[in-house]
Amino acid sequence: GPGGPGGPGGPGGPGAQGGPGLMGRQPRPSSGEAPSASASGDYRGERFGTAPGRASGLLDTPSAGAGPAGAGSSAGSQAKPEPAAPSAPHLTREKREKRIDNTLEEFLELKDLSEVKETVKELGWKENYPLLLERCLNLSCDNPSTAKTLIPMLVEVFESEKKELSVDNIFNTLDEFLEFLEDMAIDVPAGPRVVCDYLVAGLKAGFVTWKYLESVSTRFMKETGYSSKFVGLILKALTDSQGVEAAREIWASSGLNAQAFGVDNMESFVEQNNLSATFPLPKAEKNLAEKLQAAASDEEIIGWVESEFPTVDREISRCIFRCVMKQAVSDMGGEEKLKTMESEKLMEETEKEILQRRQALLKRWLTKEADQSYALYELQRCNLDLDCPPRFLSRMLATLYDLEVIEERAVSDWLDPPDNRDAFLAQAKKAFTPTQCITTKKQASAFVEWLKTS
């Protein structure tokens, strides 16, 4: 208890108050309570190798043999404790920080990982693992060149001590830095990039989650507009450390998009953060739109696409579909004309002629039904952006079907993604609200009914 020999914070209890944290801020009290999860989902509660019933707080009650208890401490369990080697008395936070700092300085010089592990174990309490993270971050923010050495060391220590770690402990420590990341950039310009290097290493090792990063963005950065800068730093660090292909895969596995971090203009975002290799589509989409507007032939555009992208995946084919539909809407007279059309026909010849000009381009990379379904989400977005002109969606579906760009099953899977295959379709549908999906089904009903009776 905090009233033991030596006064508050002395050897009699773990209640020592730490010194100033980053940039002179007073650190938050150590506790087992994690900040509440964001609306994006519960990003906490994971624990590495915890035995059933074990506490998950930042501070756990010292085990038998961990040092003398304070005069006010409870007797605890009457069960006979297992023999254990006596450990050093618990130190104040200030002394533990100094011990860890000295160990890190030695590690940078001698690269002796065993010494780091031994130091943390000798210090006792589990809070010293997140304290190690904090001291590494502080040291690297002061001297960014140390990050390249300290990050792999930290990951290896955490990997070897999974039973002693909880994600909550790590998140609590990271919150101390991330809450004031924007302010840090003023005093320590390299600081935010260094912190993001640590976050990327945590993502790869599994000690940091995308849900947590999205929560950080929502809790600390959305109001100031720093969210887009934050995710830009993470994605740049991810690309630099893992390479372009791996960065794309890791980002895709998050199930998020840049808009979740407040990015409004993807093209500007990519340019500002030097991410054109990782996200080539924004620039390519701009060039493709210009070629379509200039009435370049399908053959010319296909040749250009193949020269730009050795492999054309479903994201690129969906981008091509999006650009073709935008240009087609413009050629059809735009939103105002489409809204005032009173035709009851399921297909208009003038609209068919416009889309037929791009038939070869549309079909070139939409040979699989799953890719056709995926592209149709762009038609859904186009219809919603136009505020759902009467029968427009059904006419476009009928025209694309007649031109053999899409097949019946593709339409069915687009409206109701299957549970047992092509999981990316269900993920794509999540970009739309339930109300928007209901509206889309109503707008497509004329074509769907025609399919059933044809």
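Among contacts in the protein chain (a contact being heavy atoms within 4.5 Å) between residues at least 6 apart in sequence, 75% join residues at least 24 apart. The model is a predicted one, where local features need pLDDT of at least 70 and side-chain atom pairs count only at pLDDT 80 or more, while totals for chains, interfaces and linings use all residues. Residues are numbered from 1 along each chain as its sequence is written, and side-chain values use heavy atoms, with hydrogens and water left out.

Scroll along the chain and you'll count 22 helices and zero strands. Both come from DSSP runs numbered from the N terminus, with helices being H or I over at least four residues and strands E over at least two. Of the 454 residues in the protein chain, 46% are buried. Here buried means under 20% relative accessible area, exposed means over 50%, and partly exposed covers what is in between, using a 1.4 Å probe and protein chains only.

Let's start with a helix pair. Helix α1 (residues 93-110) packs with helix α2 (residues 113-123) at an angle of about 170°, and their axes are 9 Å apart. That angle makes α1 roughly antiparallel to α2. For the geometry, axes are lines fitted to C-alpha atoms, for helices over the stretch in contact, and angles run from 0 to 180 degrees between N-to-C directions. Angles under 35 degrees count as roughly parallel, over 145 as roughly antiparallel, 65 to 115 as roughly perpendicular, and the rest as oblique.

Who meets whom here? On the α1 side are R96, R99, I100, T103, E106 and F107, and they meet L113, E115, V116, T119, E122 and L123 in α2. The residues of this contact divide into five nonpolar, two polar and five charged. In that sorting, Ala, Val, Leu, Ile, Met, Phe, Trp, Tyr, Cys and Pro count as nonpolar, Asp, Glu, Lys and Arg as charged, and the others, Gly among them, as polar. Have a look at T103 in helix α1. T103 is buried, with a relative accessible area of 7%, and, not counting residues up to four places away in sequence, T103 touches E115, V116 and T119.

Next, go to the loop between α3 and α4, where T146 sits. T146 counts as buried at 6% relative accessibility. Leaving aside neighbours within four places in sequence, T146 is in contact with L108, L139 and S140. T146 and L108 are 38 residues apart in sequence, yet 7.5 Å apart in space, C-alpha to C-alpha.

Then comes helix α4 (residues 147-160). Its 14 residues should span 20 Å at 1.5 Å a residue, and the end C-alpha atoms are indeed 20 Å apart; the expected span is 1.5 Å times one less than the number of residues. Buried in α4 are A147, L150, I151, M153, L154, V157 and F158. Their cover includes α1, α2, α3 (128-142), α5 (167-178) and α7 (191-205).

In soluble globular proteins, nonpolar side chains tend to be buried together. A nonpolar core is a set of buried Ala, Val, Leu, Ile, Met, Phe, Trp, Tyr and Cys residues joined through side-chain atoms within 4.5 Å. The largest one in this model has 64 residues, and L174, Y198, L199 and F230 have the most contacts inside it. Not counting residues up to four places away in sequence, Y198 touches L133, C136, L137, S140, A147, L150, I151 and L154. Apart from that core lies another, of 58 residues, among them A328, F392, V411 and F447.

Now move along to helix α14 (residues 314-331), where Q327 is found. Q327 counts as buried at 19% relative accessibility, and beyond residues up to four places away in sequence, Q327 touches L292 and Q293. R318 lies in helix α14 too, and R318 counts as buried at 14% relative accessibility. With the same sequence neighbours set aside, R318 touches Y374, A375, Y377, E378 and A428.

Finally, a word on backbone angles. Most residues other than glycine have a negative phi. N274, not a glycine, has a positive phi of about 55°. N274 is found in the loop between α11 (266-272) and α12 (281-293) and is exposed, with a relative accessible area of 56%. R391 has a positive phi as well, near 60°. R391 is found in the loop between α18 (369-385) and α19 (392-402) and is partly exposed, at a relative accessible area of 26%.
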